[in-house]
Amino acid sequence: MAQTSTEAPALRLTDVSKSFGVVNALTKVSLEIRPREVVGLIGENGAGKSSLLKILSGNQTADSGTMELRGRPVTFSSISQAMSNGVAMVYQEQSLLPNVSVAENILLGNERGAVRDGFYRWKQMHRTAQRHLDEVKSGVSPSDITDTLPFAQRQMVEVAKALATGDGSPYDPVILLDEPTSVLESGDIETLFSVIRRVKEHASIVFVSHRLEEVLEICDRVYVMRDGEVVAEVDPAEADVDQLFRLMVGRDLTSGYFREDLSTEPTPDVRLAIESLTGPGFSDVSLGINRGEIVSILGVQDSGRENLGRVLFGALPAAHGSVRIDGERVGLRSTRDAVARGIGYLPSERKIDGAIMGMSVADNMTLAHPDVVSTLGVMRSRRVREVADEWIRRLAIKTSGPAAEMVNLSGGNQQKVVLAKWMLAPDLRVLILDTPTRGLDVGAKSEVYAILHGLAAKGVSIILLADSLEEGIYVSHRVITMADGKVTGEFTSRPGNRPSRTSLIERML
Amino acid sequence: MPTSSEVTPVVEVEKGRRPAGSTTRSAKRGERKGAAARVLGFVNQKGLTPAIVVVLMIVVFWAMNPSGVTLNTLSTLFDQSAALLMLALAQSLVVLMGRIDLANSALASFLCVLLVIWLNTLGPIAIPLVLLLGVAIGALQGWVHMYFQIPSFVVTLAVSGIVGGAGLIASGASAVSLIQNFELVQWFYESPGGIPLAFVIGAAIAAVLAFFVAKTARGRTLKAIGSNQRATAYSGIRTTVTVVLGFALAGLLIGIAAIMTVGQLGTASSGIANSLLLPSIAAVVVGGTAISGGTGGPGRIVFGALIIALLRIGLDIIGVPQEFQPIVYGVIVIAAIAITVNRSRTLSVV
Amino acid sequence: MDNSLLARFRRATHGQPVPALIALALIVVVIAAQAPVFMTAGNIANVIDQAAIPAIIVVGLSFVILMGSIDLSVEGVMAVGSMSAALLVANDRNSLDFGLWALPVVMIIGGVLGLVSGLAVTRLRIPSFLATIAIASVASGIALILFGTSAKPQIVDPVFIDLTQGTFLGFTKVSWLALVIVLLGLVIQRYTRFGRYAYVIGGSEEIAKLSGIDVRRYRLLAFVIAGMCSSLAGALTASRTSIGSTTPGDGLLFLTIASVVIGGTILTGGRGGVLHSVIGVLIMGVIVTGMVLIGVSGFYQQIIQGVVLLVAVTAVAWKLRRPMRVVM
């Protein structure tokens, strides 16, 4: 348990705020990380966890507020500055270089005595690295090339690397672990936890995770974040998963927010029939979706649901299985095949895969279905403008007009343009949406839900890879859960008869 | 994925606007800074800057050496810039897709050699053969680049070596001269009514291409791929097919450039057009096409090519020695890219 | 961990140019079987002599490519190196007589050209293949200016000419010089911050930055070193032909890039190294010499180099292929 001695906290944040343009990523966040404790940090996507980590690790600076390191006010203007003060981050996607040795990775940018006058002293380098590897009880040799190691061992190397940042400072290091368990097997998680417990004897640890049971198990204190604020500080000894979850979600979820009032009953004829479809990261998925039905698929990272969506759209190759729309077989070789059969797809990475920033709103809208605005392959400018104007009006897109460039639109409005790209199709039958509301503000989310209900009412079948449990539960007619590439559960979801969170989470893990 | 969005989420959107076409910005600036700025904003927005630079350059050269600027020299200017214009147009299509073609001029040299040999031996059929070969090699480059996912500069660099070697072999490493069927290619350089035909044809081709890129559904996909290939693919567009088509079209233009060159010189060697690579890239970037792809297009290239050709003649007129020209082109390319490059688009430039 | 003999061998040789060495051995065997004269001492010394100048170039080029950049200015910088060396040593054009001190001066000139390339890449953010093509053009212009209008400058300095003509222990002196530079390159690669960070930056520029490494400084330095190596190679070409030339490096850009790639240094950076590239040079040198011995026309050299470059890059790229990957 955390001690309440007179010792200054390792790190203390007071009223830290950070905003990007109009979006407030962090609002007056105050928290402290004490010596020799594990602090949990939880919150939904977009709650501000990653912004907070970026500020703690020196990747970004706060707009306002103060940060104190062991009682002294500091600002980290760079990652190396944070590191030299003993604050280091272990990244979710791993920050080890695959092509150099373990020792070089552990001491990267932090070689100190191992490099003298620009020249490497390999013996000393290996000795120092070995010391840190021993601390995490790793059997890896410092001279091993990193990409020859299995993932879990690389994770331990990451922790050793974080420990090494404390070398230059007389104080214990602060180690930020960003979802360290998300891709680990249960055995490896236990190993990581025993390392954390040992390391904690002379370090402070911030543990960020979506897995609430683990947070309760390993942490001494837990901060809950929501909408850029710290909303609660919890003692794990007195809390349970459900309680944490309620704190994370917070707002009273009214039916109004998910626009259940617009939901209509699907027609009972099968529009999309997926049969024993197998692709990268998922296998043997069979699923029938009715005309006008919204089916949400829930699953943690690497559950296979993202790749299922991509395979259905022809963006990834299918190993085997078949997909039919209204009885006609869909070719799965290219995205062209999917579009020709009336499938639309909204990718999760809006800025990378969805919007074309350098092009106009009108061009973005009409890119997938140029036939709507062209004759014999020649675009008719006036028709382009009319169609774009119509959809700007129908979806209430805030923009100066069809000629406006995409970059000048807000995230929510960009997402609406990408939606319009599929909605203006002459015959849209199936729409696949990969976390369409991620990164949007609450109002924009609600508008997207309204659009989805409207499409379903017109007979479009919708596959929604939901961003949160609530979204999956309240927007859809049916919820499918996936884990490890397999469908693990199927739940009908109607007002008054919604599946419970616990039953879904059980099937997702 | 450690993507750019990961690191600078919203900031990127803020900075992501392109210098060439940020309509709202230049408009706003115009309102603040009055009429002059508004005119400049309009000029910039419509891509008229290169055209104005052409006129200014003619005026400057005329001022420095009034007797040097005559109808005759201007006519020579147009003649000289015809082949360069074709290569620049070819390059612009490739650059529009965010790619680069370093084999551009080497392929033209190779096709020149083959054209001369085939005109001497096969007769008129040589012309369609050369065009076809240009298309085939262009398409092959595009396919290898897309299918094997090798950077375009590497593929085209290798191809430039291969066609360069093939040209050496075909020509026996010496100049080959056209001894038959000269009339089939020479007519390019006639000037009925004082108008140089070669440049008129070149301008017509440029106009067709400009229409293709700006007004057709297929042409628009070239630009879309150059702006954001993944989003284009996620819109149901076959990106490989489109890129192969773009390279094939570039190959066709390179074939036309070869015909024009042979028509002008009546002879060919394995390195005849090699010096045009950098000028062709210079014409593209000076014409206002961002090297990162997605903006600009053939319409602007005409003036880009004119600027580069004018520069070549203009430097002669004002007496700058020949050997300074490679330096000038090098500096222009770096300066023009440095001005137009979108520094926020990618995390790093290697 | 897998401790079979093969697995242990793989770990021990990780990062070493084993595949390239095996390829070299195989090619030597094949050619020696076709043309027994290949294995004579004289011919081997000749192959190494031919490989010396490209080897010097690839030492510098390797660091640039390890960082994921490319240097296409090799031939242009060599032209400057050749012309400035010819004019600095005793020659029939001027009264300068720097002797062997011309070499460091030439290398400084090449370093400055590399510096300009590096600044264009790191500060102006111009892709390196374009920046270095432009610098190649600028450099060839400078060489043309140095060349002037009269005949090629003839080198009359016997010591300078002896660098490439004279022998020591059976090998030309330039072969020994190349060996020294290659060893120097290996030491830099293994023991200096610059050398190690070349791998780090090529492995992931993002991680390098997250680790507080000043990426731009090291990338700049790589271009400077590459420029120095190329201009030294140009000077040595001048020594070999006894005249300054504006096109001493014709074909060497292909040869060197193909060598680097075939040696196992991948163009996306992070893998390979100086030794890989030098073995690549030897492979290309053996192929060319073998072809001459077997009787293939020299015109085919460039084609073969182009094809080798394409095949080698394809072989590497094949493993990285996946749907929706964008390669410009």
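**View 1. A six-stranded open sheet in chain A, from β18 to β24.** In this predicted model, six strands of chain A line up in the order β18-β21-β22-β15-β23-β24, and their pairing is mixed. The edge positions go to β18 (343-346) and β24 (486-492) of chain A; each has a single partner strand, so one side of each is left without a neighbour in the sheet. Go from strand to neighbouring strand here and the turn is 20 degrees on average, with direction ignored. As background, the strands of a sheet pair through backbone hydrogen bonds, in either a parallel or an antiparallel way.

**View 2. Strand β23 of chain A meets β24(A).** Zooming in on one end of that sheet, β23 (residues 478-483) of chain A pairs with β24(A) in the antiparallel sense, over six bridges. To find your place, look for A:A483: the residue opposite it in β24(A) is A:K486.

**View 3. Helix α15 of chain A lies across three strands.** Which strands does helix α15 of chain A lie across? They are β15 (294-298), β21 (430-434) and β22 (461-465) of chain A. The helix itself covers residues 442-457 and runs at about 150 degrees to β22(A).

**View 4. Another six-stranded open sheet in chain A, from β6 to β12.** Here the strand order is β6-β9-β10-β3-β11-β12 (chain A), again with mixed pairing. At the edges stand β6 (87-90) and β12 (229-234) of chain A, each with a single partner strand, so one side of each has no neighbour in the sheet. Neighbouring strands of this sheet are turned against each other by 20 degrees on average, direction ignored. β12(A) pairs with strand β11 (residues 221-226) of chain A in the antiparallel sense, over five bridges. Within this pair, A:M225 sits opposite A:V230 of β12(A).

**View 5. Helix α8 of chain A on its strands.** Residues 241-249 of chain A form helix α8, which lies across β3 (38-43), β11 and β12 of chain A. Its angle to β11(A) is about 35 degrees.

**View 6. Around B:V333 in the largest nonpolar core.** This core has 376 residues, and B:L115 and B:V333 are the ones with the most contacts inside it. What is B:V333 in contact with, leaving aside its neighbours within four places in sequence? From chain B there are B:L278, B:I281, B:A282 and B:V285, while chain C adds C:L130 and C:A134. In soluble globular proteins, nonpolar side chains tend to be buried together.

**View 7. Where chain C touches chain B.** Contacts here link 46 residues of chain C with 44 residues of chain B. On the chain C side, α5 (102-122), α6 (128-147), α10 (205-210) and α14 (300-320) each supply at least two residues. The largest share, 14 residues, comes from α6(C). Sorted by class, this side of chain C has 31 nonpolar, 10 polar and five charged residues.

**View 8. Positive phi at A:D284 and at C:L169.** Most residues other than glycine have a negative phi. A:D284 has a positive one, near 55 degrees, and is not a glycine; A:D284 lies in strand β14 (residues 282-290) of chain A. C:L169 is not a glycine either, and its positive phi is about 50 degrees. Look for C:L169 in the loop between β1 (167-168) and β2 (171-172) of chain C. Is C:L169 buried or exposed? C:L169 is exposed, because just 8 other C-beta atoms lie within 10 Å and the cut-off for exposed is 12 or fewer. A:D284 is partly exposed, with 13 other C-beta atoms within 10 Å.

Technical notes:
Residues numbered from 1 in each chain as written. Chains lettered and ligands numbered in written order. Predicted model: local features only at pLDDT ≥ 70, side-chain atom pairs only at ≥ 80, totals over all residues. Pairing = 2+ DSSP bridges. Helix = DSSP H or I, 4+ residues; strand = E, 2+ residues; numbered from the N terminus. Axes fitted to C-alpha atoms, helices over the stretch in contact; angles between N-to-C directions. Contact = placed C-beta atoms within 7 Å. Core = buried A, V, L, I, M, F, W, Y, C linked by C-beta atoms within 7 Å. Buried ≥ 20, exposed ≤ 12 C-beta atoms within 10 Å, placed from the backbone. Nonpolar A, V, L, I, M, F, W, Y, C, P; charged D, E, K, R; others polar.
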